[in-house]
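Open the model in your viewer and get ready to select a few residues and elements. Each stop below tells you what to pick and what you will find there.

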Amino acid sequence: RSQNVDFIICALSNVGMAIAPKTNNEDVILFGTAIVPSDFVTISNKTIRVYPNSEGMASVVAEHNNNTLKSKRPAVIYINNDMGIDCLKAYSNIVLKYNNQVVYSESYEPNQKDFKDIINKILQNHVDCVYVSGFGESYISFVKQFNNDPRTHNIILTGDMTFGLPDTKSK
């Protein structure tokens, strides 16, 4: 074992997914927080998640959008990483459970600033509800651009816990 390390605590999906195989080889326990991909805990019997996975985030939003908001034409806009991809899958699985489908989905890059094309595609697909998954400045940029476009005012924008963070709300 390297450096006599018994355990590591890490945060964020990309970090946890990258180091999990290495910690397994070193017989080190990995506690992951803010790691969304469902398969994180299957990489090794030494990985432990202390944070909701995609089912605990995206699935809850999908249930709400279907049952409470009565969405019939949902879209998913997700960050292009393990977290976003897993949230798209989880959301889509719930929508399928209700004999519906996601009519439009697209990823965005963590450093993306311009969302005009994505917003135009949302409009072209006659979406009634958008679930946005992600974090950071690109997430905030999408939310701001979506909310500031008068053509989207009849489309419901939903998100998971990132939606309510002080950084997101303040901008």
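**Stop one: Pro52.** Select Pro52 and look at how much of its surface is free. Its relative accessibility is 36%, so Pro52 counts as partly exposed, a class that lies between under 20% for buried and over 50% for exposed. Keep in mind that you are looking at a predicted model. Pro52 sits in the loop that joins β3 (47–49) to α2 (54–67). Leaving aside residues up to four places away in sequence, Pro52 is in contact with Ile35, Val36 and Met57. Now add Asn120 to the selection: 68 residues separate it from Pro52 in sequence, and the C-alpha to C-alpha distance is 32 Å.

**Stop two: the sheet.** Next, select the strands. How many strands form the open sheet, and in what order? There are three, arranged β1-β2-β3, with parallel pairing. The edges belong to β1 (7–11) and β3; each has a single partner strand, so one side of each has no neighbour in the sheet. From one strand to the next, the twist averages 20 degrees. Zoom in on β1 and β2 (residues 29–33), where five bridges hold the parallel pairing. Within this part of the sheet, pick Ala11 and you will find Thr33 of β2 opposite.

**Stop three: helix α1.** Select residues 13–25 to highlight helix α1, which lies across β1, β2 and β3. Its direction makes an angle of about 165 degrees with β1. Thr23 is part of this helix. Is Thr23 buried or exposed? With 5% relative accessibility, Thr23 counts as buried. Show its surroundings and, not counting residues up to four places away in sequence, you will see Thr23 touching Ile8, Val28 and Leu30.

**Stop four: α2 against α3.** Finally, select α2 together with helix α3 (residues 82–97). The two helices pack at about 40 degrees, and their axes are 8 Å apart. That angle makes α2 oblique to α3. The crossing of α2 past α3 is right-handed. To display the contact, choose residues on both helices: from α2, they include Met57, Ala58, Val61 and Ala62, and from α3, they include Met83, Cys87, Ala90 and Ile94. Colour the whole contact by residue type and you will find nine nonpolar, three polar and four charged residues. Among the contact residues is Met57, which you met earlier as a neighbour of Pro52.

How values were computed. Residues are numbered from 1 along each chain as its sequence is written. This is a predicted model: local features need pLDDT of at least 70, side-chain atom pairs count only at pLDDT 80 or more; totals for chains, interfaces and linings use all residues. Side-chain values use heavy atoms; hydrogens and water are left out. Helices (H or I, at least four residues) and strands (E, at least two) are DSSP runs, numbered from the N terminus. Buried means under 20% relative accessible area, exposed over 50%, partly exposed in between (1.4 Å probe, protein chains only). Contact means heavy atoms within 4.5 Å. Two strands pair if DSSP finds at least two bridges between them. Axes are lines fitted to C-alpha atoms, for helices over the stretch in contact, and angles run from 0 to 180 degrees between N-to-C directions. Angles under 35 degrees count as roughly parallel, over 145 as roughly antiparallel, 65 to 115 as roughly perpendicular and the rest as oblique. A crossing is left-handed if the near helix is turned anticlockwise from the far one by less than a right angle, and right-handed if clockwise. Ala, Val, Leu, Ile, Met, Phe, Trp, Tyr, Cys and Pro count as nonpolar, Asp, Glu, Lys and Arg as charged, and the others, Gly among them, as polar.
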